[in-house]
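Thanks for coming. I will take a few minutes on one model, mostly on its charged side chains. Please have a look at it first.

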Amino acid sequence: MPALKQTFTLFLAISSCASMKAQYTDTATNNKPAQSSGSVEWNSSAVKKHNGYKSFLVPGVLMVYGVASLNNHTLKQFNGKIKEEMWQDHPHATTKIDDYLRFTPAIAVYGLNAMGIKGKNNFRDRTMIYLLSNVIVTGTTFGAKKLSHELRPDGSDYYSFPSGHTAAAFAAAEFMRQEYKDVSPWYGIAGYAAAGATGALRIYNNKHWVSDVLAGAGVGIASTKLAYLIYPAIKRKFFKDKPVSTMIMPYYQDKSAGLALVYHFR
């Protein structure tokens, strides 16, 4: 299965580079990591330090590449070559793993907290940040799909650009990295590896072009970074440290919408 191996290698490399670049940026801008207490101290200058414009460089490049590919003949040819290598030279059955893999980094955050490995934020704050990230991801991907009207590689519809699965996966991966970067960088690397595998599988399943997946990765990373940047203002205005044990999160993926209930057992 050389095509699958090549695609996985490509996106795992991109994921590792993005994770390590983000970790390096955070370390370089803050030589004294904050102690993890399960409840973040919302200092606006510290938040901006961690999520300044430099931290948006990698996701920005990925999104620019994706947008450029919509009208660039050379990049379109590259998309076609990857599809030809994947499907004409190495035909294969598809898989549904990517439908579930995209959520694993976020699920892992709650699982680790339940096991006593505390991340940066308490239940309410991390849930609201993840909710906010998903709202940004959903709005961005849905709007871009409508505007771009890009045909999927399998010809099933015109909602190819950008990849919603990949955006959700990388949003969750960055969420995991942000929550546990002061505990160990390996948590973030693991989350990004799962996100990279999700992106590779979208191509393997003939649902997206390479450029769709790269743009989706950029949207996901940027959405979570933006959520961490703006949540402190939302918290100050609406919560005032009131405990919250239940969250209802809307989601929209592949023309299906719903609500996800998250309950914190005390």
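Reading along the sequence, you get the pattern α-α-α-α-α-α-α-α-α-α-β-β. That comes to 10 helices and 2 strands. Keep in mind that this is a predicted model.

Some overall values before the details. The protein has 266 residues, and 48% of them count as buried. Its accessible surface is about 13,000 Å², with 64% belonging to carbon and sulfur atoms. As for contacts, take those between residues at least 6 apart in sequence: 78% of them join residues at least 24 apart.

Now the salt bridges. How many salt bridges does the count come to? The count is 8. I will go through some of them.

Start with Arg-202 and Asp-98, whose side chains meet in a salt bridge at 2.6 Å, N to O. This pair links distant parts of the chain: Arg-202 belongs to helix H9, residues 185–204, and Asp-98 to helix H5, residues 97–101, with the two positions 104 residues apart in sequence. Are these two residues buried or exposed? Arg-202 is buried, and Asp-98 is buried as well.

Next, Asp-154 and Lys-207, with a salt bridge at 3.0 Å, N to O. Here both partners sit in loops: Asp-154 in the one between helix H7 (123–148) and helix H8 (164–180), Lys-207 in the one between H9 and helix H10 (210–238). They are 53 residues apart, and again the pair links distant parts of the chain. Why does Asp-154 count as partly exposed? Because its relative accessibility is 32%, and partly exposed covers the range between the 20% limit for buried and the 50% limit for exposed. Lys-207 is partly exposed too, with a relative accessible area of 27%.

The third pair is Lys-225 and Glu-174, where the closest N and O atoms are 3.3 Å apart. Lys-225 lies in helix H10 and Glu-174 in helix H8, so this salt bridge ties together parts that are 51 residues apart in sequence. Both Lys-225 and Glu-174 are buried.

Last, a case that goes beyond a single pair. Arg-124, Asp-125 and Lys-235 are joined into one network by salt bridges that share partners.

To recap the pairs: Arg-202 with Asp-98 is a buried pair, and so is Lys-225 with Glu-174. In the loop pair, Asp-154 is partly exposed at 32%, and Lys-207 is partly exposed at 27%. That is what I had; questions are welcome.

Methods
Residues numbered from 1 in each chain as written. Predicted model: local features only at pLDDT ≥ 70, side-chain atom pairs only at ≥ 80, totals over all residues. Heavy atoms only, no water. Salt bridge = Lys/Arg side-chain N within 4 Å of Asp/Glu carboxyl O. Helix = DSSP H or I, 4+ residues; strand = E, 2+ residues; numbered from the N terminus. Buried < 20%, exposed > 50% of the residue type's maximum accessible area, 1.4 Å probe, protein only. Contact = heavy atoms within 4.5 Å. Areas by Shrake-Rupley, 256 points an atom, 1.4 Å probe, with all protein chains shown as cover.
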